[in-house]
Amino acid sequence: MQTVTNEWLQSIESLNEVPHDQLQWWIENIRHYELEEGEFLVKQGTPTIGTHVIITGRIQLYIAQKAGIQYLSLLGSGDVTGYLPFSR
């Protein structure tokens with residue numbers, strides 16, 4: 001398993017300018033969890049809560065519509081998604 005450190009987080013483009021003390025606070029206050037294959041991070045129609053950093057694996061974003069599934073994006077290691085409480 002990938003160890004999440006300040007340096008690893010700063011290797012992510014959207015986080016590379018965040019000060020070490022803020023990243024360290026984040027590391028100390030995050031909730032780590034693993035999704036099983038086929039499990040949902042967020043279901044359509046429910047609010048996204050929190051910022052999510054993909055450490056390993058992949059997450060596919062899609063919307064179910066009457067005509068079928070519309071694929072939006074494929075996220076992998078180092079990608080950030082969810083509610084981003086900062087402006088870039």
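**Exercise 1. Classify the accessibility of tyrosine 62 in this predicted model.**

Solution. Start with the value: tyrosine 62 has a relative accessibility of 33%. Next, recall the cut-offs: buried means under 20%, and exposed means over 50%. Tyrosine 62 therefore counts as partly exposed.

**Exercise 2. Find how many aromatic pairs the structure holds, and decide whether the rings of tyrosine 62 and tyrosine 71 are stacked, edge-to-face or tilted.**

Solution. Begin with the count: the structure holds one aromatic pair. The two rings, those of tyrosine 62 and tyrosine 71, have their centres 5.9 Å apart. That satisfies the pairing criterion, as centres have to lie within 6.5 Å. Now turn to the angle, which is 55 degrees between the planes. Stacked would need under 30 degrees and edge-to-face over 60, so the pair is tilted.

**Exercise 3. Lay out the secondary structure and overall dimensions of the protein chain.**

Solution. First, list the elements: the chain has two helices and four strands. Second, put them in order from the N terminus, which gives α-α-β-β-β-β. Third, take the extent along the principal axes, where the C-alpha atoms fill a box of roughly 45 × 30 × 20 Å. Fourth, look at burial: 17% of the 88 residues count as buried. Finally, consider the contacts between residues at least 6 apart in sequence; 43% of these join residues at least 24 apart.

**Exercise 4. Work out where asparagine 6 and glutamine 24 sit, and whether each is buried or partly exposed.**

Solution. Asparagine 6 belongs to helix H1, while glutamine 24 belongs to helix H2. With 11% relative accessibility, asparagine 6 is under the 20% cut-off and so counts as buried. Glutamine 24, at 31%, is partly exposed. The two residues are also linked by contact: leaving aside residues up to four places away in sequence, asparagine 6 touches His20, Leu23, Gln24 and Ile27. For a longer separation, take glutamine 24 and isoleucine 55, which are 31 residues apart along the chain and have their C-alpha atoms 16 Å apart.

**Exercise 5. Name the members of the largest nonpolar core, then follow the contacts of leucine 9.**

Solution. The core has seven residues, namely Trp8, Leu9, Ile12, Leu15, Val18, Leu23 and Ile55. Now pick out Leu9: beyond four places in sequence, leucine 9 touches Val4, Leu15, Leu23, Trp26 and Ile27. Compare this with the core list, and you will find Leu15 and Leu23 among its members.

**Exercise 6. Trace the surroundings of leucine 75, glycine 76 and threonine 81.**

Solution. Go through the residues one at a time.

- Leucine 75 is placed in strand E3 and is buried, its relative accessible area being 10%. Setting aside residues up to four places away in sequence, leucine 75 touches Ile54, Gly57, Arg58, Ile59, Leu61 and Thr81. Tryptophan 26 is 49 residues from leucine 75 along the chain, with 21 Å between the C-alpha atoms.
- Glycine 76 is in the loop between E3 and E4. Glycine 76 is buried too, at 15%. With the same sequence exclusion, glycine 76 touches Ile54, Gly57 and Arg58. Between glycine 76 and valine 53 there are 9.0 Å, C-alpha to C-alpha, and the two are 23 residues apart in sequence.
- Threonine 81 is part of strand E4, which covers residues 80-82. Its relative accessible area of 17% makes threonine 81 buried. Outside four places in sequence, threonine 81 touches Leu41, Gly50, Thr51, His52, Leu61 and Leu75.

To finish, set the contact lists side by side: Leu61 is touched by leucine 75 and by threonine 81.

**Exercise 7. Describe the largest pocket: what is its volume, which residues lie closest to its centre, and which element gives the most to its lining?**

Solution. The volume comes to about 1700 Å³. The lining consists of 46 residues, and the closest to the centre are Tyr33, Leu35, Leu41, Ile54 and Ile59. Next, sort the lining by element: H1, H2, E1, E2, E3 and E4 each supply at least two residues. E2 gives the most, with six. Last, sort by chemistry, which yields 25 nonpolar, 14 polar and seven charged residues.

Definitions and conventions
Residues are numbered from 1 along each chain as its sequence is written. This is a predicted model: local features need pLDDT of at least 70, side-chain atom pairs count only at pLDDT 80 or more; totals for chains, interfaces and linings use all residues. Side-chain values use heavy atoms; hydrogens and water are left out. Rings of Phe, Tyr and Trp (its six-membered ring) pair if their centres lie within 6.5 Å; planes under 30 degrees apart count as stacked, over 60 as edge-to-face and the rest as tilted. Buried means under 20% relative accessible area, exposed over 50%, partly exposed in between (1.4 Å probe, protein chains only). Contact means heavy atoms within 4.5 Å. A nonpolar core is a set of buried Ala, Val, Leu, Ile, Met, Phe, Trp, Tyr and Cys residues joined through side-chain atoms within 4.5 Å. On a 1 Å grid over the protein atoms alone, a cavity is a set of points where a 1.4 Å probe fits but cannot get out, and a pocket is an open set with protein on both sides within 12 Å along at least five of seven lines; lining residues have an atom within 4 Å of a point. Grid points are joined across faces, edges and corners, and a volume is the space filled by probe spheres set on the points. Ala, Val, Leu, Ile, Met, Phe, Trp, Tyr, Cys and Pro count as nonpolar, Asp, Glu, Lys and Arg as charged, and the others, Gly among them, as polar.
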